[in-house]
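Visitor: I've got a model open and I'd like to learn how to read it. Can you walk me through it?
Guide: Sure, let's look together.

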Amino acid sequence: VISEMGIVKVYELCGQGTFPLLHGAEILHLAMELSLMTLTDTRKLMYCSNINPIYVDLVYNATCYNGVQGLGTIVTSLFVMAFCSMIIVTLRASWQEIENDDSDVMKTPSLQHLREEQDSKCLCTIL
């Protein structure tokens with residue numbers, strides 16, 4: 001109602017006692033307008049057209065480009081490590097002699113011995 005009548009008209013009708021009230025109402029009106037503009041700007045900031053490019057940059061570039069490049073680097077380094085490990089194992093086996101201790105080795109019958117034993121059993125059962 002005050003904004004329709006105007007501050008000067010209210011001042012003329014009510015006198016000087018309303019000046020602090022009118023001044024407070026004017027400050028409150030300006031603060032409400034500022035809050036409304038801030039809320040409108042915040043709502044516009046949250047539009048999909050503003051959020052989508054940020055989302056695409058974060059998700060697509062991180063997953064599709066950097067993720068694939070990182071996996072390629074990991075696979076390459078794993079192949080290099082495997083190749084170097086095979087070289088190290090091969091060189092170690094050729095440079096250092098392996099000592100065989102007969103007491104530690106299990107005494108297993110040879111394949112020929114097992115065949116001869118099996119053949120003798122078969123001959124005995126036939127006779």
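Visitor: Which element does the largest share of the nonpolar patch come from?
Guide: Bear in mind that this is a predicted model. The largest share comes from H4, with seven residues. The patch covers about 930 Å² of surface and is made by Leu45, Met46, Ile51, Ile54, Tyr55, Val56, Leu58, Val59 and Tyr60. Ile54, for instance, sits in helix H4.

Visitor: How should I think about residues spaced along a helix?
Guide: An α-helix has 3.6 residues a turn, so residues three or four places apart point the same way. In the patch here, Ile51, Ile54 and Leu58 are among the members.

Visitor: What span does H4 reach from its first C-alpha to its last?
Guide: Helix H4 takes in residues 48-95, and its 48 residues reach 67 Å, close to the 70 Å expected at 1.5 Å a residue. There's a bend too, about 40° at Ala62.

Visitor: What elements does the protein have overall?
Guide: Five helices and zero strands, so to speak an α-α-α-α-α run from the N terminus on. Buried residues make up 2% of the 127 residues. The exposed area is about 11,900 Å², with carbon and sulfur atoms supplying 68% of it.

Visitor: Which element has the lowest mean pLDDT, and which the highest?
Guide: Where pLDDT is low, the predicted coordinates should not be read in detail. Here, helix H1 (residues 2-5) has the lowest mean, 62, and helix H3 (residues 19-45) the highest, 86. The protein averages 77, and 69% of the residues score at least 70.

Key
Residues are numbered from 1 along each chain as its sequence is written. This is a predicted model: local features need pLDDT of at least 70, side-chain atom pairs count only at pLDDT 80 or more; totals for chains, interfaces and linings use all residues. Side-chain values use heavy atoms; hydrogens and water are left out. Helices (H or I, at least four residues) and strands (E, at least two) are DSSP runs, numbered from the N terminus. Buried means under 20% relative accessible area, exposed over 50%, partly exposed in between (1.4 Å probe, protein chains only). Accessible areas come from the Shrake-Rupley method with a 1.4 Å probe; for residues, only the protein chains shown count as cover. pLDDT is the predictor's confidence in each residue, from 0 to 100. The expected span of a helix is 1.5 Å times one less than its number of residues. The bend at a residue is the angle between axes fitted to the seven residues ending there and the seven starting there. Patches are made of residues with over 30% relative accessible area and no salt bridge: like charges are joined within 9 Å, nonpolar side chains (Val, Leu, Ile, Met, Phe, Trp, Tyr) within 5 Å. A salt bridge is a side-chain nitrogen of Lys or Arg within 4 Å of a carboxyl oxygen of Asp or Glu.
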